[in-house]
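Let's take a walk through this one together. Have the sequence and the model side by side, and we'll go from the overall numbers down to single side chains.

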Amino acid sequence: MSVCVTRRAALGVLASSAVASSCGLAGCGVARKVVSLAERAHGCVDVPVPNADGTLIVRSRLTSKHVRGPVTYAFVVPPGDEIPDAVAYVLPGRGSDAYGALDLGFDGFLADYVRHGGRRFALAFVDAGESYFHPRVSGEDRLAMVTEELPQTLRRNFGGVTSREAIMGQSMGGYGALLAAEREPRRFRAVGVAGPAIFPSYEDEHRSVGDAFDSAADYARYDVLAGARALRGRPVMIAIGRRDPFLPGARAFARACRSARLAVEDGCHDDGFWRASAAPLLAFVGAHL
């Protein structure tokens, strides 16, 4: 049985440890980088952010046994009287934190989706860090933090909000979302990612960022291409720009998981594309929650 938690109660629960805000009639504006003519010529895109009227945003921290130091998270509730019993965890790109990912405008896109009749669900953003959302020899394991500790924190503070779960991500977070879903394919009702940082081989990764995996064996252990068959028949959507350097990895994933929906659109590997892909990914995830 799900637990209904009112917006007022949610604010009260975290009043002593979090900062909460609500977008009123004036809306919550989001600063948006304007795509230059040079960027447009290069194939990059961007879109305006809808107003976030009526959304509730709770910003707080959790203490993790898998990550050193406090981890910030942001919990976003769409317009409505109650906290939904469904949530999509959002994993940002490398080096981004929860608040930076939220500031891309996801609260506005979620509010707009609900205003137009979409299913109500919450979003939970969390710090990405640098360790690529899998266990590392350093002892850090942000994947466990996301799949174990973040849901526990949400349940403790918001009751039955995690009754139905989905997972989303951009870039490194897109890789992490796919890995999390492969490890628990029946848990997440949908996976929606933008520009996932998928390296077709360890050699490709080693020539690129060079520190996403501890070794070739580490890459093989957490290779989302090798594990893609676990998601066959599951709701998976990958949105990626034509000028995204990770397009070969996304295509390789789609070949390995033929039921995955691959949407290749104009765009680069940047904030503009994360915004441009937000609405279709939210609609895809919402349809399965």
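Among contacts in the protein between residues at least 6 apart in sequence, what percentage join residues at least 24 apart? The figure is 77%, where a contact means heavy atoms within 4.5 Å. Before going on, a word on what you're looking at: this is a predicted model, so local features need pLDDT of at least 70 and side-chain atom pairs count only at pLDDT 80 or more, while totals for chains, interfaces and linings use all residues. Residues are numbered from 1 along each chain as its sequence is written, and side-chain values use heavy atoms, with hydrogens and water left out.

The protein has 10 helices and 11 strands; these are DSSP runs numbered from the N terminus, with helices being H or I over at least four residues and strands E over at least two. Of its 289 residues, 56% count as buried. Buried here means under 20% relative accessible area, exposed means over 50%, and partly exposed is in between, using a 1.4 Å probe and protein chains only. The accessible surface of the protein comes to about 12100 Å², and 50% of that belongs to carbon and sulfur atoms. Those areas come from the Shrake-Rupley method with a 1.4 Å probe, and for residues only the protein chains shown count as cover.

Now find strand β10, residues 236-241. Six of its six residues are buried, so β10 is largely enclosed by the rest of the structure. In a regular strand the side chains alternate between the two faces of the sheet. In β10, both faces are covered: V236, I238 and I240 are buried on one side, and M237, A239 and G241 on the other.

What sits alongside β10? Strand β9 (residues 188-194) runs parallel to β10 and is joined to it by four bridges; strands pair if DSSP finds at least two bridges between them. A194 has A239 of β10 as its bridge partner. Strand β11 (residues 261-265) also runs parallel to β10, this time with five bridges, and there G241 is partnered with E265.

To get from β10 to β11, follow helix α9 (residues 247-256): the three make a right-handed β-α-β unit. Right-handed means that, with the strands pointing away from the viewer, the path from the first strand over the helix to the second runs clockwise. Seven of the 10 residues of α9 are buried, so this helix, too, is largely enclosed by the rest of the structure. The buried ones are L247, G249, A250, A252, F253, A254 and A256, and what covers them includes α6 (172-183), β10 and β11. A little further along, C257 counts as buried at 0% relative accessibility.

A good place to see this unit come together is L262, in strand β11. L262 is partly exposed, with a relative accessible area of 28%. Leaving out residues up to four places away in sequence, L262 touches I238, I240, A250, R251 and A254. L262 and A250 are 12 residues apart in sequence and 7.8 Å apart in space, C-alpha to C-alpha.

Next, the cysteines. A search of the whole structure finds one disulfide, that is, a pair of cysteine sulfur atoms within 2.5 Å. This one joins C44 to C268, with 2.0 Å from S to S, and at -90 degrees about the S-S bond the link is left-handed. C44 lies in the loop between α2 (37-42) and β3 (56-63) and C268 in the loop between β11 and α10 (271-288), so the pair ties together parts that are 224 residues apart in sequence. Both C44 and C268 are buried.

Last stop, the aromatics. The structure holds 12 aromatic pairs; rings of Phe, Tyr and Trp (its six-membered ring) pair if their centres lie within 6.5 Å, and planes under 30 degrees apart count as stacked, over 60 as edge-to-face and the rest as tilted. Take Y132 and F213: their ring centres are 6.3 Å apart and their planes at 50 degrees, so the pair is tilted. Y132 lies in the loop between β7 (122-126) and α5 (142-158) and F213 in the loop between α7 (202-207) and α8 (216-221), so the pair ties together parts that are 81 residues apart in sequence. F213 also pairs with Y219, with centres 5.2 Å apart and planes at 80 degrees, so that pair is edge-to-face. Ring pairs link Y132, Y175, F199, Y202, F213, Y219 and F246 into a cluster.
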